[in-house]
Structures are given as structure tokens and as C-alpha cells.
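Visitor: Before we look at the arrangement of this chain, please tell me, for each term you use, what it rests on.

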Amino acid sequence: MMLIDCGLLFPDDDMGGVDKVLPDFSYVLENADRVEGIVITHGHEDHMGALPNLLKDLKTKLIGSELSLRLARNRLDEANLLGQAEFIAVKDGERRKFGAFDCQFFPVTHSVPHGMATAFRTPAGVILHSGDFKLDLTPVDGRITDLTGLGHLAREEGIALLLSDSTNADEHGHSQSETTVGGVLYDLFHAHEGRRIITACFASHIHRVQQIADAALAFDRTVVTLGRSMQKNVALAREMGILNIPDHALRDISDLDDLEPDKVCIISTGSQGEPMSALSLMAANDSKWLRITSNDTVILSSHPIPGNESAVSRVMNGLVRMGARVVHSGHSDVHASGHAKAEELKTFLAVTEPKNFIPVHGEYRHLVAHAALAEKMGVDPKHILVCEDGDRVELTKTGIERQGSVPAGYVYLHGTLSDIGRGLLEDRRVLGNEGVVVITATVDLDQRRIVGGPEVVSRGWVYEPEAGDLLDDAADAAYDALRKVLKDEDAGLGDMEQGMRRAVGKLVSDRTGRRPILMPLVTSQH
Ligand SMILES: [Zn+2]
Ligand SMILES: [Zn+2]
């Protein structure tokens, strides 16, 4: 078994209290002795963020570009798990065997440097996994997606199966080249001369950081990084020689007060409105480093990931409230997507000419849109599969076929609780939206009579001082129900709780049209 990537999701607003969403590793761990390694296609959270969670239970090889591995190493180091991984760096174009796996790695352009597509030569033919990619002919580092190499492979050996990034499959046209953002930033720095400039982008987007720094330097500004991951990644990228900011032009955030506001450019984390990020703290006037004023221009060099829109909007409101001018991708092209759009995906399909095709990486509608593109590009619909998490697919000389599935799905993390499960999330949602009603009573089981209660209290359901009648009526309904159940000699405490739950539930729903969580509790007195 060779794994490709090991990422995580960030929770939606409806997953109350959840910090992280992980894949279900049970199938991988049950087969731990068969795992040869993990190919890390690139350094994004959704591709390597769950490595610490898997590697705490699995010792294995990590295979990827030098940068991808350095980013993974940082993550494992923070979790004290460095000893669990053997790091094997591979170069662009390199072909190498790992156990039964004959792998070759091709450069692809994306919003973090040094991403890779991976080809696996198998007895049933070549399987090509695109990784996250775009076709940018003028990327900041000149390292373009290797269409020549992939085309050569397709011509010489044929691509039996292509798995390709579907994120932007239902966006028409072609994504902007990353270098176009540089020009836009330059113009913005010109237009906002005399003001302090604060920018925010993903800390792993080294090319964006480079372009922001280039614009800053062009206007004699000193670059100041803010946010732990930004500081860490800038240091790493400079050390590796893939980010060029001269020593004299880079200062620590603690030096900010020594610099003239109109001669600095702060590069911060938090472009997705992450709650504890540097930018969110600024927007909440809670930053220990700086206070936003009407002399600030904040450039969000990013686009909110679906689900983050309201968090980003909250941050922008906070900044504007304090007088800042905020520039975002809505009024200026300060961001270019790292994922291929429809025309690029078609080009990729034309170059690789896959016999079989599985769209990957995207929501279901993106996968379906990508499947349609493949059909348009001549892939036989019988050789296209839209799969879901856990599907097992077999590739043979004749085609691809679904072969059942393995356990898959989401595991929800909250603090140190490992899997809090969907049921608990549903409870939290109801608690949050509807509140809770607790009904307590004490009975004498021998004499079959009520000796205390029922009492009804609620939190978050109705405003109690104004709802005395409702609570009294609920208590009466519970009393009647409890008396009825007590008459049945065989009825136990569970039956009594059930009876009260039904009676109170009906009254609550009839009178208020609501369905709070009901917690009946009957105790017996001896
Ligand atoms: Zn990515
Ligand atoms: Zn991704």
C-alpha cells in the first residue's frame, strides 16, 4: 500500500466546537504492515495536516520534494513525532522504486512551491495522480507544470488511469498567472504611498510572499513578518534559497516601533479569518504588536475558502471599524487561484490522454463537472468513475471497476477528545439552536408513588421569568404521565423517564413549535 497525502479539513460553522476533521484511519492502521510509505504531493494542510495524527500510530516513509518534507518535518517536530518518519526527498523528474512501487515525480505549479504529480508504473499500466495543480506558464519561480514530461510518458507508455484535481472544474476559462498578482500589488503600493501597509496571505504561499516583498522593496519599505507560521515559513524558504528578501530589508515584528509607518510592509497570517490568527487579533484590537489606525491599508491577498466567508467578513468589518482601508479580491486582482480551471483541465486531459479517469480533490459537484470535461475530451464514459471516500477501485488491462469499499468518513477532534462523532455534533447543534429541558422526579418504587417533583427547568429554551406557566404546565404533564406509568407494576425507572419525555415533548412541541433536548431523570427513594 502506498498512501498519497494525509490531510485534514477545518470544520464548518455547523460543527459546534470541533477543531479539526480527520480522515478515518482505521483501514490504514489495520493494514499497517502493508504500508510502504506516504507520497506527500505538496505542503498544504489538506494534504499533510493529519500526518501527526496518523504517524503517532504508524512508522513509515515520507516521500516528496525537499520543501514538502521540510514543511512536514516542522509539523511532526511540533508533535514530537520526528522518530516515526523516514524522510525521502525526491527531485523533479526522478524515477525511484519503493518496495513494489515504481514511482516517478513530475513538477506541477500550485500555490505552494515544489508540488508534484506522481506516476506509478503498475502491471496494469501507468497510474498518474496530478496532485493539486494549475497550468501557469509564467510562475514566479519559472517551474512550470511538466506537460512535456507527462506528454512523453503518455505517448511512450500510455496513461492507464488519471486521477486529477477537480477543485476548479466548474470554473470556466483559465486561472490567472501568479505573476499577474505582482503587478497588481505594485500598483496598490504606489496608490497607497504614505500609509502603513499590512498584507495577509497563506504562510505557505512563498511566491505570494515574494511578490509582496518585491513590491515593498520597490517602494523602500522594510518587510516585517507577523504570525508564527509566517515567520517559520519565511525563514525556511530563505534558508532553502527559494525566497529572496535581503537581510537588511527584513525585520522582526518586535522592531516595528523603530520603523516609520509609511516605510514598512507587514506580511501577516490570518487571510482566512482564522480565529486566533494575527490578522483576526488586529481586527479585534487585541494584537500585542500593533493597533490599527486610519493610516493603515490592509491588503487581503487571498480568496476565502468556501466556509470561511463569514469569518473573513468579520475580520474586514473589524479593520474598517478602526479606520483601515481594506483591499480584497472583490475589488482588485490581488489573488490568483492555485487550481486549474476548466480550460487547463482540458489541456491536461489532452496531454495525458488517459484511458481511464477518476476526478479527485473537490466537492461532489466538482467531481461531476470534471467527469463531464473528461468525456468532452474523448474519454469513454464507461472508463470514468466518480468515486466517494472509501471506494475501492480496481484497474485492469480492460478498465476500472468499483470493488466495494473500506471504512472511510470523518473523525471529529475537539481539544484532546479523539472522535466525538456525528451524534454528539447533532446534540450540540440542537442544544445551541433549541436549548435543553430537564425534568426530574423522585418515586417510591415499593409504594408506587411520586415523592418529589416532577420539576422542570430549562436552559436556552424559553426565557424562564416569562414562561412560568409553560414550565408549570410541563411539570403537570410530566406528573400525569408519571402517575400513569407507576400504575403498571412492571414499569421501571426507564419506562417512567420515557413516559415523562413523551408527555413533555408533546406539550413543548404543541405550545412552542420547538424541539429542545429533553432530559428526564427519575430517581427512586427507599
Ligand atoms: Zn494545495
Ligand atoms: Zn488541496
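**Sheets, helix pairs and domains**

Visitor: What makes the first set of strands a sheet, and in which order do they form it?

Guide: Four strands form an open sheet in the order S1-S3-S4-S5, and their pairing is parallel; two strands count as paired if DSSP finds at least two bridges between them. The strands, like the helices, are DSSP runs numbered from the N terminus, with at least two residues (E) for a strand and at least four (H or I) for a helix. This is a predicted model, in which local features need pLDDT of at least 70 and side-chain atom pairs count only at pLDDT 80 or more, whereas totals for chains, interfaces and linings use all residues. Residues are numbered from 1 along each chain as its sequence is written, while chains are lettered from A and ligands numbered from 1 in the order in which they are written.

Visitor: Why are S1 and S5 called edge strands?

Guide: Strand S1 (2-4) and strand S5 (85-89) each have a single partner strand, so one side of each is left without a neighbour in the sheet. From one strand to the next, the twist averages 25°.

Visitor: How do you know that S4 and S5 pair?

Guide: Strand S4 (residues 60-64) is joined to S5 by five bridges, and the two run parallel; set against the minimum of two bridges, they pair. Within this pairing, Leu62 stands opposite Phe87 in S5. Helix H4 (residues 66-78) lies across S4 and S5 and runs at about 160° to S5, where angles run from 0 to 180 degrees between N-to-C directions and axes are lines fitted to C-alpha atoms, for helices over the stretch in contact.

Visitor: Which backbone feature sets Asp5 apart?

Guide: Asp5 has a positive phi of about 65° although it is not a glycine, and its place is in the loop between S1 and strand S2 (20-23). Most residues other than glycine have a negative phi, and most peptide bonds are trans.

Visitor: Why is H6 described as roughly parallel to H7?

Guide: Helix H6 (residues 178-191) and helix H7 (residues 206-218) pack at an angle of about 30°, with their axes 9 Å apart. Angles under 35 degrees count as roughly parallel, over 145 as roughly antiparallel, 65 to 115 as roughly perpendicular and the rest as oblique, and H6 and H7 are therefore roughly parallel to each other. By residue class, their contact has eight nonpolar, three polar and three charged residues.

Visitor: What is the relation of H11 to H12, and why?

Guide: Helix H11 (residues 342-352) and helix H12 (residues 364-376) pack at an angle of about 50°, with 10 Å between their axes. That angle makes H11 oblique to H12. On the H11 side Ala342, Leu345, Lys346 and Leu349 meet His370, Leu373 and Ala374 of H12, contact being C-beta atoms, placed from the backbone, within 7 Å.

Visitor: What makes S21 and S22 a hairpin, and in which sense do they pair?

Guide: S21 and S22 have four residues between them, and Arg448 in this turn has a positive phi of about 50°. Strand S21 (residues 436-444) and S22 pair in the antiparallel sense over eight bridges. In S22, the bridge partner of Val438 is Val457 and that of Val437 is Ser458.

Visitor: Which sheet holds this hairpin, and what lies across it?

Guide: Three strands form an open sheet in the order S22-S21-S23, with mixed pairing. Its edge strands are S22 and strand S23 (517-524), each of which pairs on one side only, and the twist averages 15° from one strand to the next. Helix H14 (residues 468-487) lies across S21 and S22, at about 145° to S22, whereas helix H15 (residues 493-512) lies across S21, S22 and S23, at about 145° to S23.

Visitor: How do you know that the peptide bond between Gly453 and Pro454 is cis or trans?

Guide: Its omega is about -5°, and the bond is cis. Pro454 has its place in strand S22 (residues 449-459).

Visitor: Where do the domain bounds come from, and what are they?

Guide: They come from an automatic or database domain assignment, which gives domain 1 (1-89), domain 2 (94-175 + 338-409), domain 3 (178-327) and domain 4 (421-524). Taken over C-alpha atoms, the centres of domain 3 and domain 4 are separated by 54 Å.

Methods: Contact = placed C-beta atoms within 7 Å. Nonpolar A, V, L, I, M, F, W, Y, C, P; charged D, E, K, R; others polar.
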